[in-house]
Amino acid sequence: MKTIAVIEDDEYIGSLLEESLTAEGYHVIRAWSGTEALLLLEKQKPSLILLDLMLPGLSGEELLPRIKNTPVIVVSAKVGIDEKVDMLLGGAADYITKPFEMRELLARIAVQLRLHESNTAFLPAGGTPTMATASEDMIPENISDRTCVMTLGSLHLDTETHELLTGKDSVHLTRTEAAILKKLMQNPGRPVSKSALLEDISRDTPDCTESSLKIHISNLRKKMKQADVRESVESVWGIGFRLHSAE
């Protein structure tokens, strides 16, 4: 049974969420303030967190950066685009505004749980991509003698040769495509803004600009499809891009 943490100071909304989630088969734990939530999360590891922003004590904005390796859906009355963008770039997996339809929220929860399971299926306990070794399971044979391979799910990227490895073959990426993929692999399941992508990959390659980024992303998608990997690059409207892992 998956555990959902409801961090909400409104008694009515919190009870409504607990009742609906329990009816869907989830175990629910609750906190009524950011400070109480911090103590709760030190003792328990939920599968997903529903986080209000306007909390007594520690606010939701202050609490979010302290939550690691757990998907967070912000449930807030703040409807401004700036708040939404800030929270998504700050680590939230999704954002839904109050009042909300329970069916939509339940669907978003199911999606985020599925994404989180998929993105962490082949990750170590720390939740970050690792350098592959020959002894790891489900690693293509052609990387057994390579030492600079970054792996995430079915993605295996040689960061030196810029090759996307699959089976006994490989798909060559340009320096820019490899830099984009590397950045996305370092943030599994989380949206990466266009500005963050451009700033980060400029260290590896100077030929990517805001106007050409979409072209590089399009070419990368084609090569990932050619490599027949489960992961794909998904556009996040108004923000940037993230890695999505299909079932």
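This is a short guided tour of the structure above, one selection at a time.

**Stop 1: the whole chain**

Start with everything shown as a cartoon. You are looking at a predicted model. The chain has 8 helices and 13 strands. Of its 247 residues, 49% count as buried. Now think about contacts between residues at least 6 apart in sequence: 51% of them join residues at least 24 apart.

Next, colour the chain by pLDDT, the predictor's confidence in each residue. The mean is 83, and 84% of the residues reach 70 or more. Where does pLDDT stay under 50? Select residues 121-126, where the value stays under 50 and the model has 9 contacts beyond four places in sequence. Then select residues 130-139, another stretch that stays under 50, with 22 such contacts.

**Stop 2: a sheet of three strands**

Hide the rest and show β11, β12 and β13. These 3 strands form an open sheet in the order β11-β13-β12, with antiparallel pairing. The edge strands are β11 and β12, each of which pairs on one side only.

Select β13, residues 240-245. This strand is mostly covered, with 5 of its 6 residues buried. On one side, β11 (residues 192-193) is joined to β13 by 2 bridges. Click Ser193 to find Gly240 of β13 standing opposite.

Now turn to β12, which pairs with β13 over 6 bridges in the antiparallel sense. Two places are good to click: Val236 has Gly240 as its bridge partner in β13, and Glu234 stands opposite Arg242 of β13. β12 and β13 make a hairpin with 3 residues between them. In that turn, select Gly238, whose phi is positive, about 80 degrees.

**Stop 3: the second largest pocket**

Stay by the hairpin and select Val236 again, this time together with Leu88, Asp94, Trp237 and Ile239. Among the 16 residues that line the second largest pocket, these five lie nearest its centre. How much space lies in the second largest pocket? The answer is about 300 Å³.

Colour the elements that give two or more residues to this lining: α4 (81-89), β5 (94-97), α5 (102-120) and β12 (231-236). Helix α4 gives the most, with 4 residues. If you colour the lining residues of this pocket by type, you will find 8 nonpolar, 3 polar and 5 charged.

**Stop 4: Lys98 and its cis bond**

From β5, follow the chain towards α5 and stop at Lys98, which sits in the loop between these two elements. Is Lys98 buried or exposed? Its relative accessibility is 18%, and the cut-off for buried is under 20%, so Lys98 counts as buried.

Show the residues around Lys98. Leaving out those up to four places away in sequence, Lys98 touches Glu8, Ile13, Asp52, Val75, Ser76 and Ala77. Try your distance tool on one of these: the C-alpha atoms of Lys98 and Ser76 are separated by 5.6 Å, although the residues are 22 apart along the chain.

Then add Pro99, which is in this loop between β5 and α5 as well. Zoom in on the peptide bond joining Lys98 and Pro99: it is cis, with omega about -5 degrees.

**Stop 5: another buried lysine**

Select helix α6, residues 175-185, and pick out Lys183. With a relative accessible area of 16%, Lys183 is buried. Beyond the residues up to four places away in sequence, Lys183 touches Val192, Ala196, Leu197 and Asp200. You met one of these at Stop 2: Val192 belongs to β11 (residues 192-193).

**Stop 6: two positive phi angles**

Finish with two loop residues. Asn69 is in the loop between α3 (60-63) and β4 (72-76). Its phi is near 60 degrees, a positive value in a residue other than glycine. Asn69 counts as partly exposed, at 38% relative accessibility.

Now move to the loop between α8 (210-226) and β12, where you will find Asp228. Phi of Asp228 is near 60 degrees, again a positive value in a residue other than glycine. How open to the surroundings is Asp228, buried or exposed? Asp228 is exposed, with a relative accessible area of 67%.

Terms used:
Residues numbered from 1 in each chain as written. Predicted model: local features only at pLDDT ≥ 70, side-chain atom pairs only at ≥ 80, totals over all residues. Heavy atoms only, no water. 1 Å grid on protein atoms, 1.4 Å probe; cavity = no way out; pocket = protein on both sides within 12 Å on 5 of 7 lines; lining within 4 Å. Points joined across faces, edges and corners; volume = space filled by probe spheres on them. Nonpolar A, V, L, I, M, F, W, Y, C, P; charged D, E, K, R; others polar. pLDDT = per-residue confidence, 0-100. Contact = heavy atoms within 4.5 Å. Buried < 20%, exposed > 50% of the residue type's maximum accessible area, 1.4 Å probe, protein only. Pairing = 2+ DSSP bridges.
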